[in-house]
Structures are given as structure tokens and as C-alpha cells.
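This report describes the fold and the charged side chains of one protein chain. The sequence and the coordinates are shown first.

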Amino acid sequence: MNEQVSSPEHGSRRQSSTLEALERLVSRFSSPDELVRRGGLVTTITPNNYQVSGLSPYVCLGDYVEHHGQAGVTLGEVVKVEPEVVIVCPVERGEAIAIGDPVIRFGAFRIAPDEAWCGRTVNALGQPIDGQGPLEPGKRRRAVAADAPASMSRQRVNQPLKTGIKAIDIFSPLCLGQRLGVFAGSGVGKSTLLAMLTRAEAFDRAVVALVGERGREVREFIEDTLGEQMKKSVAVVATSDESPMVRRMAPMTAMAIAEYFRDKGENVLLVVDSITRFAHAIREVSVASGELPVARGYPATVFTELPRLLERAGPGGAGAGSITAIVSILVDGDNHNDPIADSTRGILDGHIVLDRALAEEGRYPPISPLASISRLARTAWEPDEENLVIRLRALIQRFEETKDLRLLGGYRPGADAELDMAVRQVPVIYDVLKQQPGDRLSGDAFADLADAMKRAAAEQQAEQAGAQAGNA
């Protein structure tokens, strides 16, 4: 019997080819973590989550896992880690989960945005839902739950922008990279105002997150309200009937898409409607995992996740663009001091208050000039504009505080010169601030106000001249 003996040279070649094959295999994975897939088994199932044994040493809070069941492979997020089991919330509702199903560690959830996503509508997982075919993936995958840029590496916010909405440009002006909240009760006009903001010419891109929106209104908002602006926009949609995990992910997915455009050096408008429904989704997930509420039914996680999301907006580092975030806050029962409104107001760089009484009077947009504040207004105003706005606020305040007195007939012209001026000029100011959604945007709100004041003064002088001629 002949024996075949391998030479040392032959063994070296075989070892080299094996190493090359291993290197090719490793190059297929984007990170070393994907080479080892740790798994466990489902042990307990509840209506909102399930428990998995065997994964505790290998996962962290916030990691995603793949559940392999009867319906195929579905995603879930680790919301609680205990020594023997982990608690997982499924991303989608109604998954078929059975005892003993295998669950594999997936890691951080990532998407790959691209320029070709503009004009498209996606869900919270970054998947197309508009029926226009698959999305072209970008070259770089981004974690949906990312950290905000380091504070000392960010550029300063110092470039004013014109929104074209006169009530904002005069009383609460914005700068590129600012984060602004729109506070209002239900049905006052938040969504329409946000859509008007997307028409501003200062932005290269717009990313719109519709969180907990009514399903029937999604197409209306995208096709009618956004209209032509959709060509430069990406819409991320999570309707009210979807799971709290999906509604919680939608603003983070929108933020990751906005960060992609910002890092390319573009100025991005991020619209989130609404942050309140994002907070409600966090509450549902946290309470289901066993966390106790601390403020009017909201657990502490809500007040941790809000700044983590909102701090990601703003200017980027050197050479990057900016994310100007406009978020809506639905105040329950028109109470502007509920926990979410109060917490969000402290994080943002300003707030616009929509007044239901103004909407009922037919004044649109129903922005309250006295209650709305921009913390970067002095950066946007010229010195003379700031002095003018201070004067206008004083006149409006005097006009509103004497409203009941004037209705009762207690006002006599000539007795108070400042009140006389308020009575003459404030109605003109209110008329200038009116803008319907289809109206053209204002190129210079202060110039429009000045023209209206001059016309009103000329009309008043003509009336006085006519009255004097009649008396003569």
C-alpha cells in the first residue's frame, strides 16, 4: 500500500489558501460582531413582549434581535436585561411567537440613506411604502439610535433664515440649526403650519416624520399639503394603528436620514409631527417592560429619550451642514404645562404657541405673538428690528388687556395716547400677520408690515381731512 506524504511546501500553500478564504469571508461582514451570532430561546410570552433565555451575557439594552418563527424572521428590541432572561418588545404587532422559538442577536438597527430617497415615503424601518419600487441603499449604514455630536465640535448657530411666515419672521425669527417647538391643542392647525414651513427656500432638503398620524390623512398630507415640496423631501410614516415600537422608531429614523444630508454639507429641515405621540410610544414600551411612572403616568425613560433625540438636531461639525428641527407638541386639553410640553420647552431653542381662540376668530396661522419666543431672536434681528418688535409687543399687550374694557364702552379716545395708538395699529398688525396655506410666502415680513402701516396712516389722514371738510 502506497502512502502519499504531503511536502512542507504543499502544506504551506494549503494553509495560505485557507487564510485567503477566511479573509474573503470576513470582508463580507461590516463588523466583527456579525461573525458570531449568539442565540437563545423564547420562554415566556405576554401581549406586549416576550422573554428569551440564554441571551443575557451577549446583548445590551437597546440591541435588536431576530425572532425565527412561523411567520419567518421578525425584529424585536431588548428593553430589559436580567441575569437569566431578557425582555424583548417585537417591532411589529401580531407576530406569531411560540415557546421554544430561537432568537438571534442582531445588534444595532441601521439604515443606509441615499440621495435617491428624496421624493419617497418610507416606514420606521427605512422600507418603502409608496409603491414606487425598492430604495437604492447608500454607501454607509447609519445607526438609527445614534449619539448627538460633541458639543465643543459643533458650529455655532448664527445664520438667520426667512421662513416666509410673517408672524414667525417678525416675532419669533429662526436661524439655521435651531430647534423650535410648535405647541397647540388638537385641531388648531399644527400640521398645516409645519407644511408651510417646508416651503421655505433656505433649506436644501426636508425630512418629515409623521408619528401616530391618522392613516387616511397620510396621502392627503404628502400629496396635497407638501405637494411640490415632496421632490426635495423624505417622509417617514408611522400611523396610529402601528405598534408603539414602530411609532418610537419613526422620529429616530427620520433623524438618521437628516444626519446623512447634514453630513453632506446641506441645510436640512426636520419636521416631527408630533413629539407627544413619540413620548406616548415610549411610555407604552417602558410600562410594558415593568418601568414605573414618575410624572402623570410617564416613566423616567421618556424624559431621557426626549433630549437624546432632540440634541441630535442642530449644526454639525466643521464642513457639515445643519438640521433645523421644527417639532410639534400636542398639549393635552390645551394645558401648556403638562410634563411633555414642559420638558420639551426646556430642551428646545424656542416655542411657537398656537392659540385656539385665534383660530376660532379665523386668524390663520393662529400664532400668539405674545406667548411665542425664539431664544435666538437677537441673532436674527437687526437692532432696529428688535426695538420695533419690543414696541409692537407692548402695543399688542395693551390692546389685549383692555379688550373687556373697550367692549363695555369704557374706552374714550384722547384719554390715553398709548391706548389710542394700540387701538389704531394693532388691528393693522393682526391683518398683516394673516396668511392662508396657499398664500405666497413673504420675502420681507418687516417691509410688508411697514407698507401696511403707511397705508393705514394715509387712510386715517384722509378720513380726518374728510371729516374736517364736512364740519366746515
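How many residues lie between β1 and β2 in the hairpin that they form? There are four residues between the two strands of this hairpin. The description rests on a predicted model.

**Overall form**

The chain contains 14 helices and 21 strands. Its radius of gyration is 29 Å, whereas a compact globule of 472 residues would have a value near 23 Å. Along the principal axes, the C-alpha atoms fill a box of roughly 140 × 45 × 40 Å. Of the 472 residues, 48% count as buried. Among contacts between residues at least 6 apart in sequence, 73% join residues at least 24 apart.

**Pairing of strand β1**

Strand β1 comprises residues 39-45 and pairs with strand β6, residues 102-107, in the antiparallel sense over three bridges. Leu41 has Pro102 as its bridge partner in β6. The hairpin partner β2, residues 50-53, also runs antiparallel to β1 and is joined to β1 by four bridges. Here Thr44 is bridged to Gln51 of β2.

**Salt bridges**

The structure holds 27 salt bridges. Three of them, with their N to O distances, are listed below.

| Acidic residue | Basic residue | N to O distance |
|---|---|---|
| Glu77 | Arg248 | 2.7 Å |
| Asp263 | Arg142 | 2.7 Å |
| Asp349 | Arg179 | 3.3 Å |

The salt bridge between Glu77 and Arg248 has an N to O distance of 2.7 Å. Glu77 lies in strand β4 (residues 72-81) and Arg248 in helix α5 (residues 244-263), so this pair ties together parts that are 171 residues apart in sequence. Both Glu77 and Arg248 are buried.

The side chains of Asp263 and Arg142 also meet in a salt bridge. Because Asp263 belongs to helix α5 and Arg142 to strand β9 (residues 142-143), the pair ties together parts that are 121 residues apart in sequence. Asp263 is partly exposed, with a relative accessible area of 41%, while Arg142 is buried, at 10%.

A further salt bridge joins Asp349 and Arg179. This pair links distant parts of the chain, 170 residues apart: Asp349 is in the loop between α8 (339-347) and β20 (350-353), and Arg179 is in strand β12 (residues 179-184). Asp349 and Arg179 are both buried. In addition, Arg391, Arg398, Glu401, Asp416 and Glu418 are joined into one network by salt bridges that share partners.

**Buried charges without a salt bridge**

Asp273 is located in strand β15 (residues 267-273). This residue is buried yet has no salt bridge, and the nearest side chain of opposite charge, that of Arg277, is 4.4 Å away. Because a salt bridge requires a side-chain nitrogen of Lys or Arg within 4 Å of a carboxyl oxygen of Asp or Glu, the distance of 4.4 Å to Arg277 does not qualify. The side chain of Asp273 does, however, make a polar contact of 2.6 Å with the side chain of Ser328. Not counting residues up to four places away in sequence, Asp273 touches several others, including Lys190, Leu194, Val211 and Glu213.

Lys166 is found in helix α2 (residues 166-171). Lys166 is likewise buried and has no salt bridge; its nearest side chain of opposite charge is that of Asp448, 4.6 Å away. Leaving aside neighbours within four places in sequence, the contacts of Lys166 include Val432, Leu433, Gln435, Ala445 and Asp448.

Technical notes
Residues are numbered from 1 along each chain as its sequence is written. This is a predicted model: local features need pLDDT of at least 70, side-chain atom pairs count only at pLDDT 80 or more; totals for chains, interfaces and linings use all residues. Side-chain values use heavy atoms; hydrogens and water are left out. Two strands pair if DSSP finds at least two bridges between them. Buried means under 20% relative accessible area, exposed over 50%, partly exposed in between (1.4 Å probe, protein chains only). Lys and Arg count as positive and Asp and Glu as negative; His and the chain ends are not counted. A polar contact is a pair of N or O atoms within 3.5 Å; within protein, one must be able to donate a hydrogen and the other to accept it, and residues adjacent in sequence count only if both atoms are side-chain atoms. Contact means heavy atoms within 4.5 Å. The radius of gyration is taken over C-alpha atoms; the globule rule is 2.2 Å times the number of residues to the power 0.38.
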